[in-house]
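Colleague: Could you walk me through this model? I have not looked at it before.

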Amino acid sequence: MASMETMVLTRNPNIFANNPLDRMGHKRGDAAWLEGKRCEPETLVVPLWHLMPLVLPEHTPGAGRDTGWLPFTLLESMFLPESLFVFLGINRRGKALFALDISHARDPENEGPVSGMGRFEDLRELAMAGDMPSGELAIMAQARGMLEWHRRHGFCAVCGGATIVVEGGYKRHCEACGAEHFPRTDPVVIMAALHQGRCFLGRQSGWPPGMFSALAGFMEPGETIEEAVARELHEEAGLEISSVRYHSTQPWPWPSSLMIGCFADAVSEEIYIDGVELEEGRWFEQAELREMINRRADPEANEGGLMAPPPMAIAHQIIKALVDE
């Protein structure tokens, strides 16, 4: 079996992608191995408080902030029998990384073993700030998504009994009926419709003024990616689609989605906006898309015009790909 170090993938352009860890799925069922990793002195743990990871301040101006990776011995006093403690993987230096939920703490920034070290930051705001390595953001998305899943699945969906955490956090087992529950990922299609060199984008009423984006929606049971793309574009904009092409995917841990980015070829530019899903929709020339991408880079200097979503969104990368073509 190939290790993560021997696997070479084309770099994904999306934030929260390109996770550098070897998740060691073949070892997570070995409780003794996991306990051994937890006890190793070089093992590192990131604490999350209400799903916000600890972030350390810049060591020097302009160097960017760092994830608050700490030795387990420092956090041991915050580890309760019921604490969520999830194995994340092995990094490139061979160190085991874990995530620990410390939401029971009252004010960990000012009390306890991590007081004064840094701040617990919202992951979305961290991604928007752009001052942390993409690999670290991907690991934090993994940690947040895993802890959020556990917080929502403490009881068995089959019999209602309490479940326990096993396999390093990648399974919950019901002791009452024996059912096994695994972390879920909800697939979401997000797509730009194309026709003769033009691109269709829409906007919702709650979005910032002037922002247009790709359309999106959850996949339904028994549906292919292509069928979901065609259905969503027809439901929201009345578009008829002839073919679908894949662009990229993006983990989106709010709470547990995988954004599947696509381009869809429309039969015509005829649209129907019902005002429910979309407030507005229109076709854009490539030059207009370029202006929207450029305006997003400096929205204050270009106030009042149309703009693309922020770079942390896969929709930005989909639109940017059309501009780069």
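Modeller: The answers below go from the overall fold to single residues.

Colleague: What should I know about the model before we start?

Modeller: It is a predicted model, in which local features need pLDDT of at least 70 and side-chain atom pairs count only at pLDDT 80 or more, while totals for chains, interfaces and linings use all residues. Residues are numbered from 1 along each chain as its sequence is written, and side-chain values use heavy atoms, with hydrogens and water left out.

Colleague: How many helices and strands does the protein have?

Modeller: The protein has seven helices and 16 strands. These are DSSP runs numbered from the N terminus, helices being H or I with at least four residues and strands being E with at least two.

Colleague: What radius of gyration does the protein have?

Modeller: The value is 22 Å, which agrees with the figure near 20 Å for a compact globule of 325 residues. The radius is taken over C-alpha atoms, and the globule rule is 2.2 Å times the number of residues to the power 0.38. The C-alpha trace spans about 60 × 55 × 40 Å along its principal axes.

Colleague: And what share of the residues is buried?

Modeller: Buried residues make up 49% of the 325. Buried means under 20% relative accessible area, exposed over 50%, and partly exposed in between, with a 1.4 Å probe and protein chains only.

Colleague: Which helix is largely enclosed, and why?

Modeller: Helix α7 (residues 314–324) is largely enclosed by the rest of the structure, because nine of its eleven residues are buried. Among them are Ile314, His316, Ile318, Leu322 and Val323. The cover over the buried residues of α7 includes β11 (186–195), β12, β14 (241–252), β15 (257–266) and α6.

Colleague: Changing topic, how many salt bridges are there?

Modeller: There are 23 salt bridges in the structure. A salt bridge here is a side-chain nitrogen of Lys or Arg within 4 Å of a carboxyl oxygen of Asp or Glu.

Colleague: Which one links distant parts of the chain?

Modeller: One such pair is Glu285 with Arg198, at 2.8 Å from N to O. Glu285 is in the loop between β16 (280–284) and α6 (286–297), whereas Arg198 is in strand β12 (residues 198–203), 87 residues apart. Glu285 counts as partly exposed at 38% relative accessibility, and Arg198 counts as partly exposed at 23%.

Colleague: Is the Arg231 side chain buried or exposed?

Modeller: Arg231 counts as buried, at 15% relative accessibility. The side chain of Arg231 forms a salt bridge with that of Glu223, at 2.6 Å from N to O. Glu223 is also buried, at 16%.

Colleague: Which residues are linked in a network of salt bridges?

Modeller: The network links Arg65, Glu109, Arg119, Glu121 and Asp131. Within it, the closest N and O atoms of Arg119 and Glu121 are 3.9 Å apart. Arg119 is exposed at 51% relative accessibility, while Glu121 is buried, with 17%.

Colleague: One last residue: where does Phe98 lie?

Modeller: Phe98 lies in strand β6 (residues 96–101) and is buried, with a relative accessible area of 4%.

Colleague: What does Phe98 touch?

Modeller: Not counting residues up to four places away in sequence, the residues that Phe98 touches include Leu34, Val45, Trp69, Phe85 and Phe87. Contact means heavy atoms within 4.5 Å.
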